Amino acid sequence: MKPFHWESTHGNFGDDLNLWLWDFLLPGLRNTHEDTLLVGVGTVLNTEILPAEGRKLVIGSGFGYGSLPDIGDRSQWDVRCVRGPLTAQKAGLPTEMGIVDPAVLVTEMPEFQNLSKTGKRTFIPHWESAAAGLWPEICKTVGLSYLDPRGEAKAVIRELATSELVVAESMHGAILADAFRVPWIAVSSSRSINSFKWNDWARSLGVTYAPKHIPVSTRAEAIAKGAKFWGVGFERNKQAAAELEKQRQGETVLLADPEQTPLRSMAKQALAMPSTLALWQASKAKPQLSKDGALAACKERLMEVIAGVRRDYL
């Protein structure tokens, strides 16, 4: 059995943790049932992402993009649970099968236990914001530690776990913060942020998704997201994110900025002042944290599901 991993060109820790989390939860899974694909963490219940052929075992995945696969064929789909009640409803499953995002079980791994707090107040953006925005510079101005969601998954998770507060545009930034009992504040910089998946997870734990709005920080970010920048609206460019990633890697692309000079850098930071102010204000808002009992109950139910999978497959 092989865990499904949506390998994005930009990298995203919430997807990449599938590479090792399931080996901890279901040791030996790769040596059995070679015909079965384990579909776990991520908003991956989507016909455009999942391969059409082959049997699939679903543990905690979510819906949020594209078209939901037809999971009615029980010979091809073994759905044990999904991320939350909204995915369960969308898939025609009993509400109680929408348990929680499996990423919360990262806290059970020995290497993530007893970590010392650093006292950092951390901002983790959505990957598109990280690719196109001026957020590292903005974070320095407002006294936040910047955390790139495209970094190595375990390193990103340690930074979240050891923070004292997390300001999250990345959904899995909030999920992992909550799992490690770190208060979090949700923010959003554009309509491209998927509220369905956020609400799906939030309702599983009895918290509310009410993000603080922060404007995009650069023209390139506005192009990538189809947002406004200083009153000018841009159509979302589906290739912009990929082009920005190439730019980050040193290739020449359409959206590449002119050579940076101190004056140009100062101008960009001046244009980003609305974003700076909004992020500073958001960081002062009252943070959220699910109740200890709610999180513990969801984790217990999820572990019961995994125990059943262990009995049936391993």
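Select helix 7 (residues 171–179) together with helix 8 (residues 195–205): these helices cross in a left-handed sense in this predicted model. Their axes lie 10 Å apart and make an angle of about 15°. Helix 7 is therefore roughly parallel to helix 8, since angles under 35 degrees count as such. To view the contact itself, display the side chains of Met171, Ala174, Ile175 and Asp178 in helix 7, which meet Lys197, Trp198, Trp201 and Leu205 in helix 8.

Next, keep helix 8 alone in the selection. How many of the eleven residues of helix 8 are buried? Eight are, and the helix is mostly covered. The buried residues are Lys197, Trp198, Asn199, Asp200, Trp201, Ala202, Ser204 and Leu205. Now add the surroundings. The elements against which these buried residues pack are helix 3 (85–90), strand 7, helix 7, strand 8 and helix 13 (292–313).

From there, proceed to strand 7, residues 165–168. In a regular strand, side chains alternate between the two faces of the sheet. Are the faces of strand 7 covered or open? Both are covered: Leu165 and Val167 are buried on one side, and Val166 and Ala168 are buried on the other.

Add the strands that pair with strand 7. Strand 5 (residues 121–124) pairs with strand 7 in the parallel sense through four bridges. Within this pairing, select Ile124, which stands opposite Ala168 of strand 7. Strand 8 (residues 184–188) also pairs with strand 7 in the parallel sense, here over three bridges. Centre the view on Val166 to find its bridge partner in strand 8, Trp184.

With strand 7 and strand 8 still displayed, restore helix 7 between them in the selection. Which unit do strand 7, helix 7 and strand 8 make? Together they make a right-handed β-α-β unit.

For the final stop, select helix 5 (residues 135–142) and helix 12 (residues 273–283). The axes of helix 5 and helix 12 come within 10 Å of each other and cross at roughly 55°. Helix 5 and helix 12 are therefore oblique to each other. The crossing of helix 5 with helix 12 is right-handed. Show the contacting residues as sticks: on the helix 5 side they are Trp135, Ile138, Cys139, Thr141 and Val142, and on the helix 12 side Ser275, Thr276, Leu279 and Trp280.

Conventions
Residues are numbered from 1 along each chain as its sequence is written. This is a predicted model: local features need pLDDT of at least 70, side-chain atom pairs count only at pLDDT 80 or more; totals for chains, interfaces and linings use all residues. Side-chain values use heavy atoms; hydrogens and water are left out. Buried means under 20% relative accessible area, exposed over 50%, partly exposed in between (1.4 Å probe, protein chains only). Helices (H or I, at least four residues) and strands (E, at least two) are DSSP runs, numbered from the N terminus. Two strands pair if DSSP finds at least two bridges between them. A crossover is right-handed if, with the strands pointing away from the viewer, the path from the first strand over the helix to the second runs clockwise. Axes are lines fitted to C-alpha atoms, for helices over the stretch in contact, and angles run from 0 to 180 degrees between N-to-C directions. Angles under 35 degrees count as roughly parallel, over 145 as roughly antiparallel, 65 to 115 as roughly perpendicular and the rest as oblique. A crossing is left-handed if the near helix is turned anticlockwise from the far one by less than a right angle, and right-handed if clockwise. Contact means heavy atoms within 4.5 Å.
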